[in-house]
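With the model open in your viewer, please follow the stops below in order, selecting the named residues at each one before reading on.

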Amino acid sequence: MDESQPTKRGLLWPLFATFFKIGAFTFGGGWAMISIIKREIVERHHWIAEDEFLDLLALAQSMPGILAVNISVAVGDRLRGMRGSVTAAAGTILPSFMIILTIAIFLTPDLITHNPTVAAIFKGIRPAVVALIVAPVITSAKAARIGWSTAWIPAVVALLIWSKWPVVSNPILFIVTGALAGWLQLRHTRRHISGKGGKAQ
């Protein structure tokens, strides 16, 4: 058993409360939540390190399903195992469930589509959501130390997605392509370092 595990026995409620707050006050889906999740989990509570969070984020993206739920499950599992996964996932899902249920009960489709006030609110939310999605992409790239030497990997994958070729429309192919590119980049870096070491001798 991990020596730090006994200190985490009272972590379930703070974990639920944290992800409930994230799920309740974040618009735009998984990527819009990433910067807030990182700030709460890494910077505020110091539950896990930044590098480990980036690894969990990569794992969450590779798994099928909703990114926000996947990352909450991964973080919860890292902190408190199965109980932590269920607790974090419940905290993430419950606010959205309650909001959608309320909308389904009180708001009709005509009110949402034809009410100018509601339409204006949604028009204002859209560009804000774009910013919420772009910001964590940039900060995650900086934290992952993605420089010009490795920037070609996301660029190639982005071009493949943008091209919409039927042969490359499978998300699994993008994940495999990124993993293969990372492995090739690692081999190239190691050869470069070993080559410098040999010249120095």
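Select Glu52 to begin: in this predicted model, Glu52 counts as partly exposed, because its relative accessibility is 25%. Add Arg78, with which Glu52 forms a salt bridge whose closest N and O atoms are 2.3 Å apart; the pair links distant parts of the chain, Glu52 being in helix 3 and Arg78 in helix 4, 26 residues apart. Arg78 is likewise partly exposed, with a relative accessible area of 34%.

Stay on helix 3 and select Glu50, whose side chain meets that of Lys38 in a salt bridge (2.8 Å, N to O). Since Lys38 lies in helix 2, this pair ties together parts that are twelve residues apart in sequence. Glu50 is partly exposed at 31% relative accessible area, whereas Lys38, at 13%, counts as buried.

Now show the whole of helix 3, residues 50-62, and colour its buried residues, Phe53, Leu54, Leu56, Leu57 and Ala60. Viewed down the helix axis, these buried residues fall within an arc of 160°, so they line one face of helix 3.

Next, select Lys21 and Glu40, which meet in a salt bridge (3.3 Å, N to O), with Lys21 in helix 1 and Glu40 in helix 2. Adding Arg44 completes a network of salt bridges that links these three residues.

For the interior, select Phe19, Ile37, Ile48, Ile71 and Val75, which touch the most other members of the 23-residue largest nonpolar core. Helix 4 contributes the largest share of this core, seven residues.

Finish at Phe97 in helix 4, which is exposed, with a relative accessible area of 53%, and which belongs to a nonpolar surface patch that also includes Ile93, Leu94 and Met98.

Note on methods
Residues numbered from 1 in each chain as written. Predicted model: local features only at pLDDT ≥ 70, side-chain atom pairs only at ≥ 80, totals over all residues. Heavy atoms only, no water. Buried < 20%, exposed > 50% of the residue type's maximum accessible area, 1.4 Å probe, protein only. Helix = DSSP H or I, 4+ residues; strand = E, 2+ residues; numbered from the N terminus. Arc of directions from axis to C-beta. Patch = residues over 30% accessible without salt bridge, like charges linked within 9 Å, V, L, I, M, F, W, Y side chains within 5 Å. Areas by Shrake-Rupley, 256 points an atom, 1.4 Å probe, with all protein chains shown as cover. Salt bridge = Lys/Arg side-chain N within 4 Å of Asp/Glu carboxyl O. Core = buried A, V, L, I, M, F, W, Y, C linked by side-chain atoms within 4.5 Å.
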